[in-house]
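User: Please take a close look at the packing in this model. Go contact by contact, and keep the sentences short.

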Amino acid sequence: MNPERLSAPLVVFDLAGMVVNHANAVYAGTSAAFRLHGFKVDREVATRALGLTCEQGVRAVLRELHPHRGFDEEQVDRICASYRKEITRFFRFSPSLAPMPGFLATVRRLRSSGTRIAVCSDLDCTTLDLVMERMGWNGSELFDAVGCSEAGTSVGTKADLITHLMVQSGAKDGRNTVYVGTTPGDVAAGRQANCSKV
């Protein structure tokens, strides 16, 4: 038997490309969190946080605001705590959350062909669970695996998270894995995880 047939194809979607207004949630959460701590952050600077975990995003914005200043780790922690509250509030109450047009039809078509589907997110696990609940995806059979930025101590980077989801989904390696992201960082992560297509 052909070894390639032992592993069904896997597509890993980044949550940011699945949900309308995900980018606005990151922008609103970042801007509000920094404003609470005395910083004025415009949209262009706030978008530096897209595709990154909370800590990575806060550091990226601080680096943009003060490129020659070191990080105050306590300040990073305080801003992260505010960011998590703000983005959770957005996802909990926004009336405009919806699947990206055509996304669910695409997933169902892929699943009908035997392809496995996984979801990854830079959100913390609690917030990701909230989004999945609001979208009606918790407990559904749409996805074979779902992973967040806190999914296990071995998951440090997005590439690690993608690899973690491959293992969860039964994929032996990236040869049969496609990663679908939305930012240049996603492209880099998919390549680092050795996905066959990104």
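Analyst: **Helix pairs and nonpolar cores**

In this predicted model, the axes of helix α7 (residues 158–169) and helix α8 (residues 184–192) come within 8 Å of each other. They cross at roughly 50 degrees. Angles from 35 to 65 degrees fall outside both the roughly parallel and the roughly perpendicular ranges, so α7 and α8 are oblique to each other. Their crossing is right-handed. On the α7 side, the contact uses K158, A159 and I162. On the α8 side, D186, A189, G190 and Q192 meet them. Sorted by class, this contact holds three nonpolar, two polar and two charged residues.

Next come α1 and α4. Helix α1 covers residues 22–36, and helix α4 covers residues 73–93. Their axes also come within 8 Å, but here the crossing angle is roughly 140 degrees. That angle makes α1 oblique to α4. The crossing of α1 and α4 is right-handed. From α1, the contact draws on H22, N24, A25, V26, A28, G29, T30, A32, A33, F34 and L36. From α4, it draws on I79, S82, Y83, E86, I87, F90 and F91. By class, the α1–α4 contact has 12 nonpolar, five polar and one charged residues.

Helix α4 has a further partner, α6 (residues 125–135). The axes of α4 and α6 come within 9 Å and cross at roughly 10 degrees. The two helices are therefore roughly parallel to each other. In α4, the residues in this contact are I87, T88, F90, F91, R92 and F93. In α6, they are T127, L130, V131 and R134. Six of the residues in the α4–α6 contact are nonpolar, two are polar and two are charged. I87, F90 and F91 of α4 meet α6, and these three residues also take part in the contact with α1.

Now the cores. The largest nonpolar core has 39 residues. Within this core, L15, M18, W137 and F143 touch the most other members. At least two residues come from each of β1 (10–14), α1, α2 (43–46), α3 (54–65), α4, α5, β4 (116–120) and α6. The biggest contribution is that of α4, with six residues. A separate core has 15 residues, including V12, C120, I162 and A171. I162 also belongs to the α7 side of the α7–α8 contact.

Look at F143 more closely. Setting aside neighbours within four places in sequence, F143 contacts M18, F103, R111, I117, V119, M132 and W137. M18 and W137 are, like F143, among the residues that touch the most other members of the largest core.

L110 is in helix α5 (residues 103–112). Its relative accessibility is 22%, so L110 counts as partly exposed. Beyond four places in sequence, L110 touches V11, F13, T115 and I117. V11 is 99 residues away from L110 along the chain, yet their C-alpha atoms are separated by 8.6 Å. I117 is shared: it touches L110 and also contacts F143.

Is T177 buried or exposed? With a relative accessible area of 0%, T177 is buried. T177 lies in strand β6 (residues 177–180). Leaving out neighbours within four places in sequence, its contacts are L10, V12, M166, A171, C195, S196 and K197. Two of these partners, V12 and A171, are members of the 15-residue core.

Key: Residues numbered from 1 in each chain as written. Predicted model: local features only at pLDDT ≥ 70, side-chain atom pairs only at ≥ 80, totals over all residues. Heavy atoms only, no water. Axes fitted to C-alpha atoms, helices over the stretch in contact; angles between N-to-C directions. Helix = DSSP H or I, 4+ residues; strand = E, 2+ residues; numbered from the N terminus. Parallel < 35°, antiparallel > 145°, perpendicular 65-115°, else oblique. Left-handed = near helix turned anticlockwise from the far one by under 90°. Contact = heavy atoms within 4.5 Å. Nonpolar A, V, L, I, M, F, W, Y, C, P; charged D, E, K, R; others polar. Buried < 20%, exposed > 50% of the residue type's maximum accessible area, 1.4 Å probe, protein only. Core = buried A, V, L, I, M, F, W, Y, C linked by side-chain atoms within 4.5 Å.
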